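Trainee: Could you take a close look at one part of this model for me, namely the way its helices pack, and then place that part in its surroundings?

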Amino acid sequence: MSGGLAGKLAAQIAQGGPLTVAQFMTACLHDPEYGYYATRPALGEGGDFVTAPLVSQMFGELIGAWAAVAWEAMGRPDPFRLVEMGPGDGTLMSDVLRTVRMAPGFREAADVWLVETSPPLRALQRGRLGDGVRWAASLAEVPGGAPMILVANELLDCLPVRQFVRTAAGWAEQVVGLDAEGRLAFGLAATPAGTLLPDAREGVVYEQSAAQAALGAELGARIVRDGGAALLIDYGRDRPGFGDTLQAMLRHRKVDPLAHAGEADLTVHADFPAVMEAARAEGAGTAILTQAQFLARLGIGERAEALVRARPDKAPVIGRQLNRLMAADQMGDLFKACCIHSPGWTPPAFEEADA
Ligand SMILES: C[S@@+](CC[C@H](N)C(=O)[O-])C[C@H]1O[C@@H](n2cnc3c(N)ncnc32)[C@H](O)[C@@H]1O
């Protein structure tokens, strides 16, 4: 039997039976001894994957501008909580805080919180952002009692899903068990009684994320109580759908999730319809755009032109960055920008995007 996380999980499965895909994801990402985020997260060109804030400073700058305009529209609350969930290496918050200097009073009013579970990433964030920000292990630890502006880029995709497969005999749950040689292997188990699943044709995979829906509900309830807006950007669907989206990334290559447990980043598509439905059930408003629509409405074209005017020698690089963030065959369409907001108010850029 192999060592590392695969060995640990194989021993656990031999004793206690197969794991749900959600349990497997949680172990791969957060196992304190071997989990990817607990021990070896590697963002950026030299690591395992690149995110939008690392593609270009324009991304964080436009989100900073969005936050500043939202704060003005909220009546310049002082204090308010400026929260980032899953801040990675701190680049996005660093670009946001640089940009909001254009809104006098914003930084002084902002009580800045980073919600982060990964010890190595917290250390990177501390190095980049220094004093003046605080950390929490969960959103519940961030004090309420003041309006909130929250951003989270590529957080939902880390939250675990369970997977169900429609067989000839009905729905079955996809689980991680062991093959004849004792290696991790996918298998099917009976669906627990009471699991609500939609109609579908045979062979289809359906993903259900209690954790993503719970975050939508938590954000919705908090925003209804304290006021504000949460901006969630991620790759995922904007209408209910089917399909196996579990994906492991190691050094920018897709790899077998079972062969690299804990060594690779493991993600799924965000289920925005479920997140928004949970937020609306708490009384919040919701809206959604593609990333390309959102960044275009915030003026990414003008920002790119200004950067090129300042540094004409960088025009090819800036053009490539713009293409990566905006093109339909890159991040522009697959990524969505979803907003959960106070009822009766439409945050900047989300006009006529209610969902
Ligand atoms: C894919 S990275 C995205 C980093 C950053 N937002 C960016 O765009 O570059 C996911 C981030 O979410 C954090 N994370 C994962 N699961 C989390 C959870 N349950 N609660 C809070 N943060 C979590 C990770 O440690 C990491 O900072």
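Mentor: What follows starts from one helix and its two partners, and then moves outward to other parts of the chain.

Since this is a predicted model, every value below is computed from the predicted coordinates. Two packed helices are described by the angle between their axes and the distance between the axes. The helix to begin with is α5, residues 57-73, which packs against α6, residues 91-99, at an angle of about 55°, with the two axes 7 Å apart. An angle between 35 and 65 degrees falls outside both the roughly parallel and the roughly perpendicular ranges, and α5 and α6 are therefore oblique to each other. Their crossing is right-handed. On the α5 side the contact is made by Gln57, Gly60, Glu61, Ile63, Gly64, Ala65 and Ala67, and on the α6 side by Thr91, Leu92, Asp95, Val96 and Thr99. Sorted by class, this contact of α5 with α6 holds 5 nonpolar, 5 polar and 2 charged residues.

The second partner of α5 is α12, residues 300-310; here the axes come within 11 Å and cross at roughly 125°, which makes α5 oblique to α12 as well. The crossing of α5 and α12 is right-handed. Met58, Glu61 and Leu62 of α5 make this contact with Ile300, Arg303 and Ala304 of α12, and the residues divide into 4 nonpolar, no polar and 2 charged. Glu61 deserves a second look, for it takes part in the contact with α6 and also in the contact with α12.

Following the chain onward from α5, one reaches the loop between α5 and β2 (80-85), where Pro79 lies. A cis peptide bond joins Asp78 and Pro79, with omega at about 5°. Another backbone detail concerns Glu154, which has a positive phi of about 55° although it is not a glycine; Glu154 sits in the loop between β5 (148-153) and β6 (162-167). As for the ligand, 19 residues surround it, and the closest are Thr51, Gly86, Gly88, Ser118 and Asn153. By class, that shell consists of 11 nonpolar, 6 polar and 2 charged residues.

A further helix pair offers a useful companion to those of α5. The axes of α9, residues 210-226, and α10, residues 272-281, come within 7 Å and cross at roughly 35°, and α9 passes α10 in a right-handed crossing. From α9, Gln212, Ala213, Leu215, Gly216, Ala217, Leu219 and Gly220 meet Ala274, Val275, Met276, Ala278, Ala279, Arg280 and Ala281 of α10, a contact whose residues divide into 10 nonpolar, 3 polar and 1 charged.

For the wider setting, the domain assignment gives domain 1 as 1-34 + 162-208 and domain 2 as 44-160 + 210-300 + 335-341. The C-alpha centres of the two domains lie 28 Å apart, and their contact takes 22 residues from domain 1 and 14 residues from domain 2. On the side of domain 1 that touches domain 2, the elements giving two or more residues are α1 (4-16), α2 (21-30), β8 (184-190) and β9 (205-208). Of these, α2 gives the most, with 7 residues, and the residues of that side of domain 1 divide into 16 nonpolar, 4 polar and 2 charged.

Definitions and conventions. Residues are numbered from 1 along each chain as its sequence is written. This is a predicted model: local features need pLDDT of at least 70, side-chain atom pairs count only at pLDDT 80 or more; totals for chains, interfaces and linings use all residues. Axes are lines fitted to C-alpha atoms, for helices over the stretch in contact, and angles run from 0 to 180 degrees between N-to-C directions. Helices (H or I, at least four residues) and strands (E, at least two) are DSSP runs, numbered from the N terminus. Angles under 35 degrees count as roughly parallel, over 145 as roughly antiparallel, 65 to 115 as roughly perpendicular and the rest as oblique. A crossing is left-handed if the near helix is turned anticlockwise from the far one by less than a right angle, and right-handed if clockwise. Two residues are in contact if their C-beta atoms, placed from the backbone, lie within 7 Å. Ala, Val, Leu, Ile, Met, Phe, Trp, Tyr, Cys and Pro count as nonpolar, Asp, Glu, Lys and Arg as charged, and the others, Gly among them, as polar. Domain bounds come from an automatic or database domain assignment. A residue is near a molecule or strand if its C-beta atom, placed from the backbone, lies within 6 Å of it.
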